[in-house]
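Please open the structure in your viewer and keep the selection tool at hand. The tour below proceeds from one selection to the next and states what is found at each.

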Amino acid sequence: MTTELPTPSTRPAPGTLTFSAPRRGKAPTHLADLDMAGRRDWLTELGHKPFRADQVSRHYFERLVTDPEQMTDLPREGRDELVGTLLPQLLTPIRTLSTDDGATVKQVHRLHDGAMVESVLMRYPGRVTMCISSQAGCGMNCPFCATGQAGLTRNLSTAEIVEQVVAAARYLRHGDLAGGTDGAGSTEDALRVSNVVFMGMGEALANYRKAVDAIRRLVDPSPGGLGMSARGVTMSTVGLVPAIDKLGREGIPVTLALSLHAPDDELRDELVPINTRWKVDEALDAAYRYYETTGRRVSIEYALIKDINDHAWRADLLGEKLNARGRGWVHVNPIPLNPTPGSKWTASRPGVEQQFVERLLAHGIPTTVRDTRGSEIDGACGQLAATV
Ligand code: SF4
């Protein structure tokens with residue numbers, strides 16, 4: 001499959017940042033938008049007993065069902081209407097594409113207003129990682145990224161973010177992702193989403209409230225949410241400094257991944273336009289504060305782009321800047337850039353990538369090249385442009 005980029009007329013001008021999403025297409029309220037107290041209040045307003053909120057929440061988060069026929073503990077009278085109100089259909093599956101012999105699956109969903117989002121499910125030995133979208137499109141305009149070139153369509157609601165994970169959990173429970181019984185870990189583990197990364201479409205911290213509420217739904221124990229470990233959740237950002245500090249104060253110890261892509265302002269201004277607002281040192285200081293506040297080691301994401309940011313001296317500069325802030329607080333993930341159709345940017349040569357990694361290791365920085373699972377189905381980072 002090839003991902004078509006939008007026509008140039010719909011693309012944002014180079015370097016333009018879009019923080020506020022166009023006001024369109026607000027999704028209908030869904031049970032997953034609210035915490036348990038909010039759900040009980042909603043049920044009371046609708047003229048029902050508040051404990052019905054607990055019952056429907058268990059069906060949704062534990063049993064992963066939305067069919068009123070399967071909710072036999074609810075009174076027959078008015079059941080369809082109640083469930084239809086609490087659990088409106090938010091995502092309509094448009095396409096499911098798989099690769100890696102079925103162990104990687106990209107799901108394309110249409111939202112109620114026609115906007116499109118994508119999520120990717122990946123099985124690794126002993127874990128299942130899900131990459132989700134927080135916005136339809138993205139306003140951060142990184143020039144090497146298909147999503148950024150399409151611009152920002154709108155923010156997703158909390159439930160639209162959560163529903164991507166619930167849809168994937170259902171997919172897993174039905175045994176549709178390959179490798180469920182031959183990997184490490186128990187069969188039960190094989191049927192659960194163990195890790196969620198906010199690395200699909202969008203800059204999650206630009207949709208802060210909805211994204212943080214979505215994290216709460218992922219980690220809240222049932223019936224409040226899916227009961228995942230916060231350690232299994234990674235929030236990715238290009239470096240919205242005030243939002244990183246705010247996230248650190250939320251008291252949910254998710255992993256922070258800072259997409260740095262360059263250690264010097266001159267290049268990063270071009271590669272990651274948010275750098276014109278918050279500079280490399282400010283972003284790294286915020287990442288370090290996040291580590292200090294949460295105790296969670298931070299990941300630095302670095303897309304290696306041939307002859308652009310893959311120089312040995314840049315690896316050295318990155319190592320020096322990270323060590324200047326402390327030891328043991330950070331981990332670097334170089335990622336070979338995924339080719340985007342029509343783009344001049346390509347992945348670094350393997351020998352250059354190797355040298356970059358060795359330089360960082362020589363500075364004592366833990367460094368792991370991240371695989372680019374899903375690149376054949378345009379499901380790797382920077383490739384989610386949701387065209388059908
Ligand atoms: S790389 Fe991330 S932040 Fe940058 S435009 Fe793409 S989706 Fe947005």
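Select Leu 260 and display its surroundings: beyond residues up to four places away in sequence, Leu 260 touches Ala 283, Ile 300, Glu 301 and Tyr 302. The model shown is predicted. Leu 260 sits in the loop that runs between strand 9 (255-259) and helix 9 (265-271). Is this loop residue buried or exposed? Leu 260 has 26 C-beta neighbours inside 10 Å and therefore counts as buried, the threshold being 20 or more.

Next, add the other positions that share an annotation with Leu 260. The unreviewed UniProt entry gives the feature "binding site" at Gly 202, Glu 203, Ser 236, Ser 259, Leu 260, His 261 and Asn 338. Of these, centre the view on Ser 236, which belongs to strand 8 (residues 233-237). Ser 236 is classed as buried because 22 C-beta neighbours lie inside 10 Å. Which residues does Ser 236 contact, leaving aside neighbours within four places in sequence? They are Val 197, Phe 198, Met 199, Ala 204, Ala 257, Ser 259 and Glu 301. Glu 301 is also among the residues touched by Leu 260, and Ser 259 carries the "binding site" annotation as well.

Now select Glu 118 and Cys 381, which the unreviewed UniProt entry annotates as "active site". Glu 118 is part of strand 3 (residues 116-124). With 28 other C-beta atoms within 10 Å, Glu 118 is buried.

Move on to the ligand and show the residues around it. The shell comprises 11 residues, of which Cys 138, Met 140, Cys 142, Cys 145 and Gly 148 come nearest. Sorted by class, the shell holds five nonpolar, five polar and one charged residues.

The following stop is helix 11 (residues 312-325), best viewed from the side at the outset. What end-to-end span should its 14 residues give at 1.5 Å a residue? The expected value is 20 Å, and the end C-alpha atoms lie 21 Å apart, which agrees. Within helix 11, colour the buried residues Ala 315, Leu 318, Gly 319 and Leu 322. These residues occupy an arc of only 100° around the axis, so they are on the same side of helix 11. In an α-helix there are 3.6 residues a turn, so residues three or four places apart point the same way. Turn helix 11 to the face directed away from its buried side, and the exposed residues Trp 313, Glu 320 and Ala 324 come into view. Strand 11 (330-336) and helix 12 (350-362) are among the elements that cover the buried residues of helix 11. Just after helix 11, select Gly 326, whose phi is positive, near 145°.

For a second helix, go to helix 3 (residues 79-86), where Leu 82, Val 83 and Leu 86 are buried. Looking down the axis of helix 3, one finds these buried residues within an arc of 95°, so they line one face of the helix. Glu 81 and Gly 84 are exposed on the other side of helix 3. The cover over the buried residues of helix 3 includes helix 2 (51-61).

Finally, zoom out to the whole protein chain, which has 12 helices and 11 strands. Of its 388 residues, 46% are buried. Among contacts in the chain with a separation of 6 or more, 70% join residues 24 or more positions apart.

Definitions and conventions
Residues numbered from 1 in each chain as written. Predicted model: local features only at pLDDT ≥ 70, side-chain atom pairs only at ≥ 80, totals over all residues. Helix = DSSP H or I, 4+ residues; strand = E, 2+ residues; numbered from the N terminus. Expected span 1.5 Å × (residues − 1). Buried ≥ 20, exposed ≤ 12 C-beta atoms within 10 Å, placed from the backbone. Arc of directions from axis to C-beta. Contact = placed C-beta atoms within 7 Å. UniProt positions renumbered as here; feature names shortened; annotations may be inferred. Near = placed C-beta within 6 Å. Nonpolar A, V, L, I, M, F, W, Y, C, P; charged D, E, K, R; others polar.
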